[in-house]
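Please walk through this model with the structure open beside the text. Begin with the whole chain, then turn to single helices.

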Amino acid sequence: MTTEHSSLPLPNAMETNKKIQRSLVSKGWPVLLLGSLIPLLLALGWETAVQSGWGEGRLLPPPSRIIATLWALSSGGELAVHIGITLWRVLFGFAIGAIAGLAIGATAGYFGVFRALIDPSIQALRAIPSLAWVPLFILWMGIFEESKIVLIAVGVFFPVYLGVSAAVLSVDRKIVEVGRIFRVRGFKLIKRILVPAILPNVIVALRTGLGLGWMFVVAAEIMGASQGLGYLLIDGQQLGKPDQILAAIIAFAVIGKITDALIVAISKPFLRWQDSYEGTH
């Protein structure tokens, strides 16, 4: 005799199937392969067009020339030096800007008086274009490393501040009230309720700040730099080397993606409690 619900899937089986799907999607190499598909197809298409004579490769060199330029730069160790200098500038500036953005953003979100005091000025400064800071920082600190680091830190600070303060203000009031009912106050309220609630948005803010840091480093390395990927861009422009410009752009893209992936990987253990929608597969 069959029961009424015998044909329905068991909850354990459904949960197991869901875990299998997540594990398959979370595998690194299929995701990396899928994400590389469009750039590879575009590169292959342009290489074919240039080799067949359908396109001119003078101002937009084919991938083979760009790879040859990257190889020439890397074989002599020049590319590694430029990447190392730029990476050091970005990471140092990111650390300063992120720490300041986290501290001031969290304080502004938590204390209304402090927010009313400081937020209008920060929002006004945030509207200033990045290149507008360049002549001022050169006047103050010269063309040395300090001016470059400070410019990158400024670029990182604003998105981190905005993301963190907005995350604190968007915490559901009911969660805070429930915590207060159970006499969770002060530092315990911050640690057990506010921090877990804002952490996903804080990670997004840090990733956005890092992206702005990579954008600002180009402006920073225009300020009289003799090394760095930004210097390769300017040098390629002045000497009419589009292959060197594109090689530097590709290096920016690869290193920027790696650093962003590091933030995602480091944050994953702190976000294991999340059971969020991952999209259809």
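What follows moves from the overall fold and its confidence to two helices and one residue.

This is a predicted model. The protein contains 12 helices and zero strands. Read from the N terminus, the order of elements is α-α-α-α-α-α-α-α-α-α-α-α. The chain has 281 residues, and 33% of them count as buried. Take the contacts between residues at least 6 apart in sequence: 72% of these join residues at least 24 apart. The accessible surface is about 17,900 Å². Carbon and sulfur atoms account for 69% of that surface.

Confidence comes next. The mean pLDDT of the protein is 82, and 85% of the residues score at least 70. Helix H5 has the highest confidence, at 94. Confidence is lowest in helix H1, residues 11–26, with a mean of 48. Residues 1–11 stay under 50 in pLDDT. For that stretch the model has one contact beyond four places in sequence.

Now look at helix H3. It covers residues 37–51, and its 15 residues should span 21 Å at 1.5 Å a residue. The end C-alpha atoms of H3 are 21 Å apart, so the model agrees with the expected span. Which residues of H3 are buried? They are Glu47, Ala49 and Val50. These buried residues cover an arc of only 165 degrees around the axis, so they sit on the same side of H3. The face turned away from that buried side carries exposed residues. They are Ile38, Leu40, Leu41, Leu44 and Gln51. Helix H4, residues 63–75, is among the elements that cover the buried residues of H3. After H3 comes glycine 53, with a positive phi near 85 degrees.

Helix H4 can be read in the same order. It has 13 residues. From first C-alpha to last, H4 reaches 18 Å, close to the 18 Å expected at 1.5 Å a residue. Its buried residues are Pro63, Ile66, Thr69, Leu70 and Leu73. Why do they count as one side of H4? Their arc around the axis is only 120 degrees, which puts them on the same side of the helix. Ile67, Trp71 and Ser75 are exposed on the face of H4 turned away from the buried side.

What do the buried residues of H4 pack against? Their partners are H3, helix H5 (78–110), helix H11 (229–238) and helix H12 (242–267). Just after H4, glycine 77 takes a positive phi of about 85 degrees.

Finish with a single residue. Leucine 87 lies in helix H5. Is leucine 87 buried or partly exposed? Its relative accessibility is 26%, and the cut-offs for partly exposed are 20% and 50%, so leucine 87 counts as partly exposed. Set aside its neighbours within four places in sequence. Leucine 87 is then in contact with Trp214, Ile255 and Thr259. Threonine 259 is 172 residues from leucine 87 in sequence. In space, the C-alpha atoms of leucine 87 and threonine 259 are 9.3 Å apart.

Note on methods: Residues are numbered from 1 along each chain as its sequence is written. This is a predicted model: local features need pLDDT of at least 70, side-chain atom pairs count only at pLDDT 80 or more; totals for chains, interfaces and linings use all residues. Side-chain values use heavy atoms; hydrogens and water are left out. Helices (H or I, at least four residues) and strands (E, at least two) are DSSP runs, numbered from the N terminus. The expected span of a helix is 1.5 Å times one less than its number of residues. Buried means under 20% relative accessible area, exposed over 50%, partly exposed in between (1.4 Å probe, protein chains only). The arc is that of the directions from the helix axis to the C-beta atoms. Contact means heavy atoms within 4.5 Å. Accessible areas come from the Shrake-Rupley method with a 1.4 Å probe; for residues, only the protein chains shown count as cover. pLDDT is the predictor's confidence in each residue, from 0 to 100.
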